[in-house]
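Colleague: I have a model open and would like to learn how to read it. Can we go through it feature by feature?

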Amino acid sequence: MAESSRTALITGASRGLGLALARALADRRWSLILDARGADALEAARTELSDTASVIAVPGDVADPAHRQALADAARGLGGIDVLVNNASTLGPSPLPPLLDYPLDALEGVYRVNVVAPFALLQALRSELKTGARVINVTSDAGVEAYEGWGGYGSSKAALEQLSAVLAAENPSLRVYWVDPGDMRTQMQQDAFPGEDISDRPPPEESVPAFLQLVEGDLPSGRYAARELAPATA
Ligand SMILES: NC(=O)c1ccc[n+]([C@@H]2O[C@H](COP(=O)([O-])OP(=O)(O)OC[C@H]3O[C@@H](n4cnc5c(N)ncnc54)[C@H](OP(=O)(O)O)[C@@H]3O)[C@@H](O)[C@H]2O)c1
């Protein structure tokens with residue numbers, strides 16, 4: 001597949017929102033660097049998207065420094081990236097435990113994946129960011145609302161939001177977006193509501209148009225709610 005001049009690195013792109021966004025960017029002939037821990041599902045995504053785009057798949061855990069370096073090496077090999085989408089995330093234990101019962105090792109694990117890893121990946125990639133690069137950190141309404149059971153995941157997203165806000169203040173040459181995609185019918189949503197019917201949640205594809213606006217437009221750094229930025233038309 002011909003190389004594109006625009007490159008995005010999307011973490012957690014083997015399913016859910018990450019894969020939906022990767023499909024949309026592949027259709028627009030972006031070059032893609034994708035990761036996820038499960039190598040088989042990631043390879044299936046790479047195979048599918050390689051019909052339309054240049055795709056590099058790097059299996060691994062975003063919490064692993066060696067894996068983040070491998071992603072940075074891939075970015076350097078493509079001459080840098082225009083967009084980093086920190087989408088990979090963990091919900092933590094399911095069912096969601098109340099804070100007074102929350103296992104502390106699990107809480108640390110949630111913070112490692114949802115807070116430290118996105119920031120550490122950006123540090124690893126800093127010299128691979130092209131001029132005017134966009135950094136998109138995927139957050140959640142649980143980062144700003146106090147829902148029972150959502151204290152671990154929600155506080156990790158709150159921390160991610162504040163990191164994003166300070167990063168934007170410190171780097172006016174970057175566009176830094178922290179984006180709530182809204183509820184989506186994905187594995188994470190099912191894990192949050194085990195045994196419940198989640199078929200009323202919209203598919204992740206409905207959140208993608210807002211991400212495309214941020215990736216291809218020139219909106220100022222800030223917090224965005226995907227469904228407000230680009231409401232579903234159907
Ligand atoms: N679903 C919702 O309703 C909802 C609402 C608000 C915000 N969000 C946010 O939206 C984003 C996408 O969520 P989703 O619902 O699409 O989740 P999902 O369907 O569970 O997909 C998560 C993706 O991330 C990968 N992943 C998970 N942990 C990883 C790790 N440590 N290292 C590398 N890859 C990892 C998964 O693959 P592996 O498991 O193979 O690694 C998968 O590709 C997340 O940031 C989430 O917090 C979701």
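Modeller: We take the fold, then the ligand site, then two backbone details. This is a predicted model, in which local features need pLDDT of at least 70, side-chain atom pairs count only at pLDDT 80 or more, and totals for chains, interfaces and linings use all residues. Residues are numbered from 1 along each chain as its sequence is written, and side-chain values use heavy atoms, with hydrogens and water left out.

Colleague: How many helices and strands does the protein chain have?

Modeller: Helices (H or I, at least four residues) and strands (E, at least two) are DSSP runs, numbered from the N terminus. Here there are 8 helices and 7 strands. The radius of gyration, taken over C-alpha atoms, is compared with a globule rule of 2.2 Å times the number of residues to the power 0.38. The chain has 17 Å, close to the 17 Å that the rule gives for 234 residues, so it is as compact as a globular protein of that length.

Colleague: How many residues surround the ligand?

Modeller: A residue counts as near if one of its heavy atoms lies within 4 Å. By that test 30 residues surround the ligand, and Ser14, Asn87, Tyr153, Thr186 and Gln189 are the closest. Helices H1 (16-27), H5 (151-170) and H6 (187-192) each supply at least two residues of this shell. H6 gives the most, with 3 residues.

Colleague: Which polar contacts does the ligand make?

Modeller: A polar contact is a pair of N or O atoms within 3.5 Å. A polar side-chain atom of arginine 37 lies 2.8 Å from a ligand oxygen. For an N or O atom in the side chain of serine 89, the distance to a ligand oxygen is 3.3 Å. Methionine 184 uses a polar backbone atom, 2.8 Å from an oxygen of the ligand. Accessible areas come from the Shrake-Rupley method with a 1.4 Å probe. The ligand has 890 Å² on its own, and the protein covers 95% of that.

Colleague: Which backbone details should I check?

Modeller: The peptide bond from serine 94 to proline 95 is cis, with omega near 0°. Proline 95 is in the loop between strand E4 (81-86) and helix H4 (104-125). Arginine 29 has a positive phi, near 70°, and is not a glycine. Its place is the loop between H1 and strand E2 (31-34).

Note on methods: A polar contact is a pair of N or O atoms within 3.5 Å; within protein, one must be able to donate a hydrogen and the other to accept it, and residues adjacent in sequence count only if both atoms are side-chain atoms.
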